[in-house]
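Biologist: Could you take me through one part of this model up close? I'd like a bench-level tour, with the terms spelled out as you go.

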Amino acid sequence: MAEIRIDNVSRRSFIKTMGLATGGLMLQGSYVFAGDDKNPQQISLNAFIRITPDNKVTLIVHQAEMGQGAQTTLPAILADELGANWNAVIIENGLTDPAFKNPKFNLQFTGNAESIRTFHDILRNTAASAREMLKQVAANRWQVDSDSLRAENSYIVNQNGKKAPFGDFVEEAMKLEPPKEVTLKKPSEWKLTGNKSLPRVDVPAKVNGSAIFGIDVEIPKMLHAAIAMCPYFGGSIREIKENGVRQMSGFVALVRMPVVNPIFSNPPEHNKREGVAIVADTYWNARKCLDTLEISYDKGPNAEMDSESLHKIYEDTINGSTKWFESVKEGDAEAKIKDSKNTIKAQYYSAWQSHAPMEPMNATAHFKGDTIEVWAPTQGQEMAQIVLAKEFGIPVEKIIVNRTYLGGGFGRRLLADYIYQAVFLSKEVGLPVKVLWTREDDMQHDFYRPGTMQEFQASLNDEGLPEAIYTKLVSPSILQVVVNADYVFEGEGPSYPEGIKETPYHFENRLLHSYLLRIPPPSSVWRSTGFGTNVFALESFMDELAYKKREDPITFRKRYIADERSRGVLDAVAKASEWYTERKDGHFLGIALTHSFETFAAQVIEISIDDAGILDIHKITTAVDCGTVLDPGIASASIESGIVWGLTAALTSEINFKEGRTVESNFHDFKILGLPEFDIDIETVFVNSGAKIGGVAESGPIPVAPALCNAIFAASGKRYRTLPLKNHNIYTRYMSDYVV
Amino acid sequence: MIEFKVNGKNYSVDDDPDTPLLWVLRDSIGLKGTKFSCGRSFCGACSIHVDNEVVRSCSFPVKYAEGKSITTIEGIGTEEKPHVVQKAWIEEQVPQCGYCQSGFIMSAVRLLDINPNPTDEDINNSITNLCRCGTYYRVRKAIHLASEMKKQSE
């Protein structure tokens, strides 16, 4: 039997100095877990900033680092405003704190492209306040006016060049009342942010294997759990044949878990799934024990459900006498369309999708009786606290949720289902437990991006221009499981009308009817939220209208845009993509415009389709107006990432259902695009309009599917209104090798 | 006991011979840089070198490692002396969430060992790892850069 290793990768080993090997700004920061720094000399000026008398400046990152660069740009904002020496700051992963709550939601979480657009001002004010307190102490001591001082490289400097470290003033500064008002630095004074690309803080550890993800957490005396959950929505475990598992090497416990996710279920009876866990000394022993069990299931009330029967529910809802929720009513679209002789109608559908982050769900927990400590790759630190408090009867302030690096989040890790399991099992066995899902567990027990269906109808006037637009939207809930609600949403589901309720366009007569579908598969938020599928429908339909008018798609869109920022990104993308330059080489262009997460983006995709029908994507040009781009390197990476995410969902990946459960189980049948596809020329231009800062991380994927389908229409005259495109036999030359 | 070398050091382990090498490396030896993702050698997150061949360690029983020389992400370079591929990865700022990157880097190191000047097509044919953040575009750039850097240093 394998040796049980305890504490071999301790939390302490996480404290390390990082240096960059090549190029760019040298970064000598360190990165620590919250709670690791037991230095009594650390003085908190506020929830985000601590300084020691020996002038070590610690900046706390309150948002999860899941690839989007939060761990770099958020502390850079603080350091910039504080006047701290970036090369020497210590960057620490925050726990939960009231100051870390997103004020729009009164909740601490990472997602919805919130990190920069919500916290830019908060962080600047927080850091400016700390800076002014340090300056005030220095001013008193040096008997000068505080306004004559400045903060630079973690020193307070006076007009004569006399300077002293922050640490000299911090003890007195913390006794001051924070100033009621502070003057923020002008963008021209920013040194670390604002059109400057910093080397990412997390990159060195991510290229040498030392970055600690949830799966890498080691706690003394920790045991390991492998689990099996009933794969049938609403089903249950009928029987478990143990087959001598209790005599197997490393076996510790066999635990029936009452339900997988006791809190979040919509409707409750559909989501109630039983599970069983094996706790063992090592993960592999737990897996071997689990594989020894013979588990049979009762399929429950949804045994007949499959993709076809679900799709029929969508169609019947769209076409039937549905009790619609009136999401938008402007003018009188219904009457206009009824009276018109010239109408156009189109129906769109986007398939179900799995998050499939590369790191499968996992969490480590120690239930200590009256306290709980958790180590998890989570986007929802406070949601986890709320769930655990409710389930285990322990107050939130006695629940510590340590956040590791996340091996992808994409919305999946807002939920606390896997964290609950780790705590439940730790309580059962009385020792810390790490629970690790397999890829199959992860894909079969995801809370999916639901399939959504949209119908667009327009009446056209004598010039062939739309005078009224009537849209129907059918979608399961997106946010029901994310919010800690004891109630079930009625009427309009939050997030699901995004991109179709408020659009970049203005039409005088507009009606949006929506319907919140209640069906068994669990659904939740997925990178691009409601925008992803709705914008596919809207921007495809805009293209259909432009074609009907036989007008250039950009010229047509400009007739209806409601904001000058839309014009800005349309012009920028037209220029960068050479939209108006005629292609002679069989290349065709498609465009899509979006306004999402307070960011405007327009994207042009250039393609060709060869005689064999193979799709070649040549160039993807995106113009982004997020107000001010703080770090163009990270923002460009985010757009590139979004393009891959969007293309994967547009072309290949989908989740299907059969006999009341999910069909796909791993990357052999949930197909995600690989590296060969991406010899595409990707160009991203930022339009710095100076407007309020918007989010970028979720904006990237949104225009991809409609821009691609519009390009395919331009090239072939074929309009595809359902995704993914592989179901229409649209393949790239690489996909044809691996798509079944 | 099964004996082999990892990153130049000798190890003997008493794990079940059928245990995937991934879990021996991670849990018995304590090298956590090699990651578990699909468990069926589809994605490459667990890629390592066994006697200079790229192996997906999630599907490689430890018994086949007997007498072999294994290299993991921890063995190709250090923070102070990074491998040229790691340098290129930093220069191009490739990682996002970072979870799959050890596997990509191990695949790229091997590619450049056997083909110091790979074309795009060579890269397509040999880097079959999956990344959900979509770092592919920068992975390709970083491999070309590493190839250039390697030539310059020779």
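Modeller: Here is a close look at one strand of chain A, followed by its wider setting.

First, some housekeeping: this is a predicted model, where local features need pLDDT of at least 70, side-chain atom pairs count only at pLDDT 80 or more, and totals for chains, interfaces and linings use all residues. Residues are numbered from 1 along each chain as its sequence is written, while chains are lettered from A and ligands numbered from 1 in the order in which they are written.

The part to zoom in on is strand β23 of chain A, residues 509–517. Strands here are DSSP runs of E, at least two residues long, and helices are runs of H or I, at least four, numbered from the N terminus. Nine of the nine residues in β23(A) are buried, so the strand is largely enclosed by the rest of the structure. Buried means 20 or more other C-beta atoms within 10 Å of a residue's own; 12 or fewer is exposed, and in between is partly exposed, with C-beta atoms placed from the backbone.

In a regular strand, side chains alternate between the two faces of the sheet. In β23(A), both faces are covered. One side carries Asn509(A), Leu511(A), His513(A), Tyr515(A) and Leu517(A), and the other has Arg510(A), Leu512(A), Ser514(A) and Leu516(A).

Now for the neighbours. Strands count as paired if DSSP finds at least two bridges between them. β23(A) runs parallel to β22(A) (residues 466–476), joined by nine bridges, and there Asn509(A) is the bridge partner of Ala468(A). With β15(A) (residues 325–330), the pairing is antiparallel, over five bridges. Along that pairing, Glu326(A) stands opposite His513(A).

Stepping back, chain A is divided into domain 1 (11–203), domain 2 (214–301 + 355–444) and domain 3 (548–740), with bounds from an automatic or database domain assignment. The C-alpha centres of domains 2 and 3 of chain A lie 37 Å apart. Their contact takes 11 residues from domain 2 and nine residues from domain 3, where contact means C-beta atoms, placed from the backbone, within 7 Å.

Chain A also meets chain B: 58 residues of chain A are in contact with 51 residues of chain B. On the chain B side, α3(B) gives the most, with five residues.

Terms used. Contact = placed C-beta atoms within 7 Å.
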